[in-house]
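Subject: Handing over a structure, with notes

Dear colleague,

I am passing on a structure for you to look over, and the notes on what was found in it follow below. Please read them with the coordinates open beside you.

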Amino acid sequence: QNAHKATHKNLIEKAVGIDATSSGTAATTILFFEDDERCIVSNIGDSVCLWGSRAADGTCSTKSLCTSQTPSREEERKRIENAGGIVMTTDEYNEHDSMKNPLQHEQSCKTDGPLRIWSENGHYPGCSF
């Protein structure tokens, strides 16, 4: 968690001249300890981390080691909305853009395009999922 926060802080402070208003970031980090065969996995954004293994009989399997932080998940969508974000597709936002207050419409999770996170303070699209 601290590594992700430090990277974010460094990007904000040192990335002079980079306009990231419409950008998003995803990262997955794995710290593997060989001595006791354990690992620590962290992720941010909609990145996915899978553990692949092959059994003695040659069959392969995978296991997800993290949960993507995408507004398609109800828990993540609520977190985004509670923080003031608006979750909808570009078509949904454009449809309601002429309204005096686009926050007053009932937000739905249509599948007519990728979900985006929009700022409540202006016409700023965020990440596309």
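Let me begin with cysteine 66, which, leaving aside its neighbours within four places in sequence, is in contact with Val41, Asn43, Ser47, Val48 and Cys49. Please keep in mind throughout that this is a predicted model. Cysteine 66 belongs to the loop between strand 4 (60–64) and helix 2 (74–82), and since buried means under 20% relative accessible area, its value of 14% places cysteine 66 among the buried residues. Leucine 50 is 16 residues away from cysteine 66 in sequence, while the C-alpha to C-alpha separation of the two in space is 7.9 Å.

Asn43, one of the contacts of cysteine 66, also appears in the pairing of the strands, where threonine 28 stands opposite asparagine 43 in strand 2. That pairing joins strand 1 (residues 27–33) to strand 2 (residues 38–44) in the antiparallel sense, over seven bridges. The two strands form a hairpin with four residues between them, and in this hairpin glutamate 37 takes a positive phi near 50°.

On the surface, Ile30, Phe32 and Trp51 make a nonpolar patch of about 310 Å². Of these residues, tryptophan 51 is found in strand 3 (residues 50–54), and its relative accessibility of 40% means that tryptophan 51 counts as partly exposed. As background to reading any strand residue by residue, side chains in a regular strand alternate between the two faces of the sheet.

Turning to the helices, helix 1 (residues 2–14) has 13 residues, which at 1.5 Å a residue should span 18 Å, and the distance of 18 Å between its end C-alpha atoms agrees with that expectation. How many of the 13 residues of helix 1 are buried? The number is one, so helix 1 lies largely in the open.

The count of salt bridges comes to six, and I describe some of them here. In helix 1, the side chains of lysine 9 and glutamate 13 meet in a salt bridge, at 3.9 Å from N to O, a value to be read against a cut-off that asks for the nitrogen to be within 4 Å of the carboxyl oxygen. Lysine 9 and glutamate 13 are four residues apart, about one turn of the helix, and both are partly exposed, lysine 9 with a relative accessible area of 49% and glutamate 13 with 48%.

Helix 2 holds two further pairs that I would ask you to inspect. In one of them the side chains of glutamate 76 and arginine 79 meet at 2.7 Å, N to O, and these residues are three apart, again about one turn of the helix; glutamate 76 is buried, with a relative accessible area of 8%. In the other, arginine 77 and glutamate 81 form a salt bridge at 3.2 Å, N to O, with a spacing of four residues along helix 2. Is arginine 77 buried or exposed? Its relative accessibility is 11%, so arginine 77 counts as buried, whereas glutamate 81, with a relative accessible area of 29%, is partly exposed.

With kind regards

Technical notes:
Residues are numbered from 1 along each chain as its sequence is written. This is a predicted model: local features need pLDDT of at least 70, side-chain atom pairs count only at pLDDT 80 or more; totals for chains, interfaces and linings use all residues. Side-chain values use heavy atoms; hydrogens and water are left out. Buried means under 20% relative accessible area, exposed over 50%, partly exposed in between (1.4 Å probe, protein chains only). Contact means heavy atoms within 4.5 Å. Patches are made of residues with over 30% relative accessible area and no salt bridge: like charges are joined within 9 Å, nonpolar side chains (Val, Leu, Ile, Met, Phe, Trp, Tyr) within 5 Å. Accessible areas come from the Shrake-Rupley method with a 1.4 Å probe; for residues, only the protein chains shown count as cover. Two strands pair if DSSP finds at least two bridges between them. The expected span of a helix is 1.5 Å times one less than its number of residues.
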